[in-house]
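Biologist: I would like a close look at one part of this protein, explained so that a first-year student can follow. Could you take your time and link that part to what surrounds it?

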Amino acid sequence: MIRKTIFLIIGAVLLIIGISIIILSLTQEQSTVQMPINTSSPAYLLLSNWRNLSIYISTEYPIPSPVLNGESSRPPSILQIFYGQYGLLSINVTIMGLGNTSKAYLELNNTVIIKGSNGEVSIFIPPNYTTVVMISKSNASLTINVFMPRTYNYQVINSTYLVIKSPLQLSIYSNRGIDVESVSGWTVLSIHGNYTYVALNLGSTSTMPISELMSINNNEVSNWLGLARRPRLSGALLTEYYLSLLLIMDDQNPVTGEFIASPEPVYFYTWVRDSSFAAMALQTAGYYEQAMKYWLWMCSAQNVSGTWYTRYNFWTGAPDETFGIPEYDSIGLFQIGVWQYYVYTHNKTFLMEVMPCINKSLNWELEGINENNGLIPQDLSIWESNYAYNFWTQAIDDLGLYAAAQVYRALGLNNTEILRIANELNATIQKYFYSKNFYSQALTKTVIYTGSGSQVTYAPNGIPDSSVILPIAMGLINPRSARAVSTVNTVIRVLMVNGGLARFPGDDYHYDSSLYDSTAPDPPWLITTLFLAMYYEEVGNHTGALNILTWCIKHSQYGLLPEAIDPRLGYPLPTTSPLTWSAAMYVITALNYKPPQKPTVAVLVLIAIVVVILAIVMFIVYGRTSPRQA
C-alpha cells in the first residue's frame, strides 16, 4: 500500500511537470510591447500608389517654433499631386472645419488618418490605382475644397460628378453636391457635409463606389505586405516592421525610384546615403523591383567622375547643385547595395547593366586612394559638419570595394587589383584611426618638414562617434575582436543618452544651430542606436538588440520613427519626423534579429507527452497492488 502511494505521488508529479511543459511551449512569446499613445504626430506625410502617383499631405499638427524652423503649419491638405509623365499637377485640396489637429498617423492599410477636434479625415490611394480618396466624418459640417487652375478644361456631368478633359483626364466625384466657383485664377470645387467622400480619379473619367475602393485598397496593401520576409518578432514590434515598410514605399518617388529623406519640409530632398539604406531595406525584405528601380536611378544620376551629388530634387531627380557638400560614402553604398541585390536575386543582367557605373566608381576610388596616401579623399560625410578623412566614409568605401570585388568575381572578371586597393585602404584605416582603445571619428592631416624634405602624417581627432559602429557590424573588422569591443564600449560610455546613442559629444544640430526643437544638445538618434542593435545581433546579444527595437517603438509618433528624440524629455524631435532612414534601419535590424535559442514547441510537446506516458506507466505497472500469494 505504501509503495502504491509513493508511485502514485511520483506519477502525479510527472503529470504536473508534463502539463507545465505543454503550457510553457504554448506561451513562448516575446514580452508585450505597446505602441505609444498620447504622443506627438507628424506634420507632413507622403502617400503613393507605388507605381505612378504620389501626394504630399499636411496634417496641421503643430510645428514647434515654425518661424525659426523655416516651416509653416497648414490646414489638413493635399499640397501636391505628382502624376507620372505630367509631373507635379497644379491641383491641391484643402479640408476646412476639422478643428485643431490632435493626432495624425499611418495605419497598416496605408491610410493617413487626421483627427481634429471636430472629427477625422482618412486619405488613401489604392496601390496600382490612380484614385485619391478622402473620407471625412465630423460633428459639424466641414468643407473640402479642390483647387485647380482656371485654364483646366472641365465639364459638369451632374451635381456630384465633374470631368476634366485637359491638360489630362481626371474625374472628381462625391456623395455630396459639388459647388463650382472661380476665385483669383482658380476653379474651386467645394463639397460640404458631416460625412463626405471625395475621389479624384486621375487618367480616367470613370467612377467607382467608395466601398469598392476601400476594399481594393485593403486587399492590395495586405497582399503586398504578405510578400515581405517576416522577422522573428511579434506584437507591436512586428507592426512597426510593417509600418516602416509602408513608410519607405510611400516615401519613394514611384517614377524615378528615389526616396525622400523625410516629408518634413527641411528634409524634402533625396539624400543618396539615406536612400541607399531605404533600397537595401526593401531588397532585404524581398521587394526587389522597387530596390532595383533605385539602383538604376542612382546609376543614371552618377557624375562623369564616378561620384554623386549629396542630394537631389525628389520630384524630378535633378541634382541640388546649391548644396555643394562633398560626400563620398555614396560610392561604397552603391557598390554594397548592388552586390547585396545580386546575392538576393542572382540577376546577372542587372549586374551587367550597372557595371559601367561600378567601373566609374572604382576608377575614382583607385585614383583618390593613390593620391591621398592610402585614403579616400576628404569629405563631409556622414554628418555634414566635419570636412576631414572621416572614418564613416573610409570604412563604407572599403566595404564597397570588397563588394565590387565580389561583383567582378560573380561575372568571372579579374578582381585582383580591386582586392589590393581594398586591403590597402583597410590597412590605412587600421593604422591611423585606432587610438586610445577606439576608432576616432576622423583624421587630421599634418605635414612635417625635415631637412630632407616633407612628410605627410595623420592623427586621429580623438572624438568618439556612434557612426563607427555600423561598419564594424557590417564586417570591416571582426565584431568580436578586441578593437571592435573596446570601440563600442567607449561609444556607449560617452554617447549613451536617455537610452539611445547621440552622434558625437556636443552635438547641437537640433538644439541651437538650425532646428531648435530640442531642449538640450546631444539628442540620441534612432539610426545610431539601431547601428548598435545591428552590432549586438552580430555578436549574439539578441536581448540587447530587442531592447533597442522596443526603445525605438516607444519613441515613435504612433509607430512612425523620427530622426532623434529629446535628450531630456524623450519625445520625438518633430522637425525631421518621420525619417525614412530610421524606418529603413528598423526593417534591416528587425530582419536580422534572432531570438535566443529555445526548444521548439514541437520538442517541448514531445517531451511532455513522454513524461505523461511515463507517469501513467509507472502508476499502472508499479502502483497497483501485487497479487497475494496463495
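Are Cys-299 and Cys-357 buried or exposed?

Modeller: Happy to take you there! Please keep in mind that this is a predicted model. Both cysteines, Cys-299 and Cys-357, are buried. They also form a disulfide with each other, and their sulfur atoms are 1.8 Å apart. In general, a disulfide is a covalent bond between the sulfur atoms of two cysteines. A search of the whole structure turns up 1 disulfide. Cys-299 belongs to helix H6 (residues 288-301) and Cys-357 to helix H8 (residues 348-371), so the pair ties together parts that lie 58 residues apart in sequence. If you look along the link between Cys-299 and Cys-357, you will find 85° about the S-S bond, and the link is right-handed. For another cysteine, try Cys-552: this residue is buried too, with a relative accessible area of 0%.

Now let us turn to the nonpolar residues. As a general rule, nonpolar side chains in soluble globular proteins tend to be buried together. Here the largest nonpolar core has 175 residues, and the members that touch the most others are Leu-200, Tyr-241, Leu-245, Trp-295, Phe-334, Tyr-535 and Tyr-586. Helix H9 (residues 391-410) gives this core its largest share, 12 residues. Another core lies apart from that one; it has 11 residues, including Tyr-56, Leu-79, Phe-268 and Phe-314. Tyr-241 is a good residue to click on. Beyond its neighbours within four places in sequence, Tyr-241 is in contact with Ala-228, Arg-229, Pro-231, Ala-285, Tyr-586, Val-587, Ala-590 and Leu-591.

Leu-200, also named among those core members, leads us to some strands. Leu-200 in strand E14 stands opposite Ile-172. E14 (residues 186-202) and strand E12 run antiparallel and are joined by 5 bridges. Strand E12 (residues 170-174) is mostly covered, as 5 of its 5 residues are buried. Its side chains are worth a look from the edge: Leu-170, Ile-172 and Ser-174 point one way, while Ser-171 and Tyr-173 point the other way. That fits a general pattern, in which the side chains of a regular strand alternate between the two faces of the sheet. E12 also pairs with strand E11 (residues 161-166), in the antiparallel sense and over 4 bridges. One example is Ile-164, whose bridge partner in E12 is Leu-170. Together E11 and E12 make a hairpin, with 3 residues between them.

Tyr-535, another of the core members named above, has a number that falls within helix H14 (residues 526-539). This helix has 14 residues and reaches 20 Å from its first C-alpha to its last, close to the 20 Å expected at 1.5 Å a residue. Because 13 of the 14 residues of H14 are buried, the helix is largely enclosed by the rest of the structure. Just after H14 comes Gly-540, which takes a positive phi of about 90°.

Let us finish with a small sheet of strands. An open sheet is formed by 3 strands in the order E22-E23-E24, with antiparallel pairing. Its edge strands are E22 (496-497) and E24 (524-525), and each of these pairs on one side only. E22 and strand E23 (residues 500-502) are paired over 2 bridges. There, Val-497 has Gly-500 in E23 as its bridge partner.

Terms used
Residues are numbered from 1 along each chain as its sequence is written. This is a predicted model: local features need pLDDT of at least 70, side-chain atom pairs count only at pLDDT 80 or more; totals for chains, interfaces and linings use all residues. Side-chain values use heavy atoms; hydrogens and water are left out. Two strands pair if DSSP finds at least two bridges between them. A disulfide is a pair of cysteine sulfur atoms within 2.5 Å. Buried means under 20% relative accessible area, exposed over 50%, partly exposed in between (1.4 Å probe, protein chains only). A nonpolar core is a set of buried Ala, Val, Leu, Ile, Met, Phe, Trp, Tyr and Cys residues joined through side-chain atoms within 4.5 Å. Contact means heavy atoms within 4.5 Å. The expected span of a helix is 1.5 Å times one less than its number of residues.
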